[in-house]
Amino acid sequence: MKRAGLLLMLLLAACSGGTKQADKAQPPQDLEKAAIERGLIRNPADTDIAGLYARDTDRICIVPDEQLGYRIGAFVDYGDRITCSGSGRASRVGESLHVELGEDGSCSFDAKYDGDKIAFPGALPDGCNRYCAKRASYAGLEVVRLSESAAEASAMRDANGRRLCGGG
């Protein structure tokens, strides 16, 4: 009986303590942060926004501009003259891309930017409607980077041949 009691006390002592802090599981790391550290995805903080972005017939161009910071142009084409076409300026703060189409600020909103993709919000100010024909809309526009070349971006044209990020 004494042996059983002694054995039980030894077992309890072995189970109860002695664990080191290093043995405890570490909290899981943010997957995006881990992927950035390993070079699997681009770090948005280290990425210039200038370039050409597209998905199907939707296009966005962004080029540096000494006076505005960046010029932006956005073109959506659903066919049958159901399009949106506008240009303005853009600025970036972290993973947010502030877009202002036109001169009066009535089409001003924040889009998401992750280093390779731009996503416009699903609801936009009413002032953005004037850049669209028929039932087209910029709402929910999502494009991925095709090129980091400012020259390619400045050459982008809408359906009427107008360069949205360049002169002429």
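## Two buried residues in a predicted model

Among contacts between residues at least 6 apart in sequence, 49% join residues at least 24 apart. The model is predicted.

Start with the whole chain. Three helices and eight strands make up its secondary structure elements. Along the sequence they follow the pattern α-α-β-β-β-β-β-β-β-β-α. The chain has 168 residues, and 35% of them count as buried. About 10800 Å² of the chain is exposed. Carbon and sulfur atoms supply 52% of that area.

Now look at two residues, S147 and D158.

| Residue | Place | Relative accessible area |
|---|---|---|
| S147 | strand β8 (residues 142–147) | 11% |
| D158 | segment after α3 (150–154) | 8% |

Take S147 first. Its relative accessible area is 11%, so S147 is buried, as the cut-off is under 20%. What does S147 touch, not counting residues up to four places away in sequence? The list is A50, G51, L52 and E152. G51 is 96 residues from S147 in sequence. In space, the two C-alpha atoms are 5.4 Å apart. With E152 there is also a polar contact, side chain to side chain, at 3.3 Å.

Next comes D158. Here the relative accessible area is 8%, so D158 is buried by the under 20% cut-off. Leaving out residues up to four places away in sequence, D158 touches F75, S85 and L164. Which backbone atom lies 3.0 Å from a polar atom of the D158 side chain? It is the backbone nitrogen of N160.

How values were computed: Residues numbered from 1 in each chain as written. Predicted model: local features only at pLDDT ≥ 70, side-chain atom pairs only at ≥ 80, totals over all residues. Heavy atoms only, no water. Helix = DSSP H or I, 4+ residues; strand = E, 2+ residues; numbered from the N terminus. Buried < 20%, exposed > 50% of the residue type's maximum accessible area, 1.4 Å probe, protein only. Polar contact = N/O pair within 3.5 Å; in protein donor to acceptor, adjacent residues only side chain to side chain. Contact = heavy atoms within 4.5 Å. Areas by Shrake-Rupley, 256 points an atom, 1.4 Å probe, with all protein chains shown as cover.
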